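Student: Could you walk me through a structure? I'd like to ask some questions and hear the reasoning behind each answer.

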Amino acid sequence: MINTHQGMIRYEGTLDPWMLSFWSTLYQINPEYFPNGPDVMIPRDEVIDQPKYRILYHTQEKVEPKLLAESDIIQKARGMSPGKLSKEKSEPDCFLKMTRNEVLTKAGSTKDVRHFEFQFVSSTMEYEVGDVVELLPSQNPSAIDAFIERCDLDPESFITVCPRETENMGSRGEVTTQFPIKLKTFVELTMDVTSASPRRYFFEVMSLYATAEHEKERLQYFASSEGRDDLYNYNQKERRSVLEVLEDFPSVKIPFEWLVQLVPALKPRAFSISSSPLAHPAQVHLTVSIVSWITPYKRTRKGLCSSWLASLTPEQEINIPVWFHKGSLPAPPQSLPLILVGPGTGCAPFRGFIAERAIQAQSSPIAPVMFFFGCRNKDTDFLYSDFWESHTREGGMLSEEKGGGFYTAFSRDQPKKVYVQHKIREMSKKVWDFLCDGAAVYVAGSSTKMPSDVMSALEDVVSEETGGSKEVASRWLKALEKAGRYNVEAWS
Ligand SMILES: Cc1cc2nc3c(=O)[nH]c(=O)nc-3n(C[C@H](O)[C@H](O)[C@H](O)COP(=O)(O)OP(=O)(O)OC[C@H]3O[C@@H](n4cnc5c(N)ncnc54)[C@H](O)[C@@H]3O)c2cc1C
Ligand SMILES: NC(=O)c1ccc[n+]([C@@H]2O[C@H](COP(=O)([O-])OP(=O)(O)OC[C@H]3O[C@@H](n4cnc5c(N)ncnc54)[C@H](OP(=O)(O)O)[C@@H]3O)[C@@H](O)[C@H]2O)c1
């Protein structure tokens, strides 16, 4: 393993030429493998000849005076975007409006976790517990203005974006399929100029347009294999945004065509829905950890979507474009016993599960639920503590008398860390009884080591309770997974 900086440079120096020949060979064998061009390669001069997209500017008078609905504008903009994923549906399913923004963590916590409630704007979408909603975040308007000004763009101009080779031109040269939209709207809805870091190719293209010699040299160095580590430290490690990079190299005047191609795409963010359509009709609840961290150069960086959501208030009446999806957690039938494991924000989908079962229990029998929750400190990070505790009392969903249970692991309340997997091992007999009764396991939360540690704890349970080896237990759990009774939703 190479762990010195010197080692890294040597490693990069060897890797880059190898990668260059590898990608070149692949590209020569079949250029179709590279629908967006070979920009995964270390670009060569002939690759950087012209951008792959063309911007057509339309005079305002020629733009049809059509009043587009908000969802049409999003569809048009995202449909034209080079960053559009092939599976992405450009048009949002609907819009949500925030009705509640509540901090769940208490003063003194090292985290800021929020409970958000939303209502549907005009059309309502049906969803099930365990589903995921994707939100398109908004970027800081003044940063968008700064980007447009920095790039000498006319925010009011109407544009269409089309791939160079398949320009959708009619016989008289008119654009036939795309509807022009305002440049500023296109930037706001499709280009992440304020948060994501650009890729190395961006620096290479910038170097072509730098007029100050020292900037050109610096950009060429960043784009070279020798400069790769320094670029990583300057760019990715500092989470430098496109706007910040452009501001650091003021002589660069980069054409909009290139920006459209190279600025990272603005991505919707996924969240596990924490409400139940039965318990919270026409509402969507989310449980969101507000992301922020300090970079090596002591800059505070904030997650784009989570910090934007945290900044919203219900009074603002902002329509948030959303897409609903099935995630990895299928809605369980009420007759299915459940073993739920959801540390931190991983409790989100299970709040929906429990709330839903509590309603179902009013009219028909429901199967028992064991829930393992974990957080840093009981006093400050115990998300929805009242909700879980109310369901552990007097015949509640998680009560012993209903055959269920609620188990907490407060990792930092004692010198040695206690995690959900420790609690699973402590409850070995009951967990095994549940599994023998046909229970399904659901795991949600941080994608670090948690899901594999939980799996390992369950292997211990199966092997201890059956007297079999860990290998046999592992195969048994794999079969459970195959049968759709072991479901994991994990995120970073
Ligand atoms: C299916 C699914 C369900 C999800 N459900 C939930 C949920 O219920 N609740 C929830 O809170 N989140 C959930 N997420 C995560 C969510 O989608 C976002 O990734 C998260 O909110 C951060 O988005 P953001 O825009 O705020 O941050 P971004 O602007 O996307 O920034 C996040 C990125 O910043 C970097 N970063 C973050 N912390 C650090 C650090 N300490 N050091 C260095 N770099 C760092 C990482 O590169 C990270 O990927 C889910 C994700 C998926 C895929
Ligand atoms: N970038 C990172 O490295 C990183 C790491 C974690 C979280 N995050 C951010 O935080 C969000 C998730 O936060 P969250 O509130 O859901 O979770 P969280 O607060 O980070 O974790 C919840 C609980 O899980 C514990 N935990 C840590 N490792 C575990 C493991 N291997 N097995 C079982 N439990 C474990 C934590 O303990 P301890 O914290 O005491 O160990 C804590 O008690 C993510 O969206 C991400 O943005 C980032």
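Here is a short run of questions and answers on this model.

Student: Before we start, what kind of model is this?
Tutor: Local features here have to clear a pLDDT of at least 70. Side-chain atom pairs count only at pLDDT 80 or more. So much for the cut-offs; the model is predicted.

Student: Which helix gives the largest share of the largest nonpolar core?
Tutor: That core has 69 residues, and Ile339, Leu340, Phe371, Val454 and Leu458 have the most contacts inside it. Leu458 touches Ile424, Val441 and Leu477, leaving aside residues up to four places away in sequence. The largest share is 7 residues, and these come from residues 450-466, helix H16.

Student: How many residues are in the other core, the one with Phe202 and Val260?
Tutor: Nonpolar side chains tend to be buried together in soluble globular proteins. Here another core lies apart from the one of 69 residues. Phe202, Leu231, Val252 and Val260 are among its members, and its count is 38.

Student: How many charged residues are in the shell around ligand 1?
Tutor: Ligand 1 is surrounded by 22 residues, with Trp293, Gly303, Cys305, Ser306 and Trp491 the closest. Two or more residues each come from strand S7 (269-272), strand S8 (283-289), helix H10 (304-311) and strand S16 (486-491). By class, 10 are nonpolar and 10 polar, while the charged ones number 2.

Student: And how many charged residues does the shell around ligand 2 have?
Tutor: Of the 25 residues around ligand 2, Pro343, Gly344, Thr345, Ser411 and Lys449 come nearest. Strand S13 (369-375), helix H14 (420-426), strand S15 (440-446) and H16 each give two or more residues to this shell. With 8 nonpolar and 11 polar residues in it, the charged count is 6.

Student: In the open sheet of 3 strands, which strand sits between S1 and S6?
Tutor: Strand S1 (53-58) and strand S6 (181-182) are the edges, each pairing on one side only. S1 runs antiparallel to residues 158-163, joined by 6 bridges, and His58 stands opposite Phe158. The order S1-S5-S6 puts in the middle S5.

Student: Is helix H4 largely enclosed or open, and why?
Tutor: Look at residues 183-190: Leu183, Phe186, Val187, Glu188, Leu189 and Thr190 are buried. Their cover includes helix H2 (70-80), helix H3 (141-150), S5 and S6. Because 6 of the 8 residues of H4 are buried, the rest of the structure leaves this helix largely enclosed.

Definitions and conventions:
Residues numbered from 1 in each chain as written. Chains lettered and ligands numbered in written order. Core = buried A, V, L, I, M, F, W, Y, C linked by C-beta atoms within 7 Å. Buried ≥ 20, exposed ≤ 12 C-beta atoms within 10 Å, placed from the backbone. Helix = DSSP H or I, 4+ residues; strand = E, 2+ residues; numbered from the N terminus. Contact = placed C-beta atoms within 7 Å. Near = placed C-beta within 6 Å. Nonpolar A, V, L, I, M, F, W, Y, C, P; charged D, E, K, R; others polar. Pairing = 2+ DSSP bridges.
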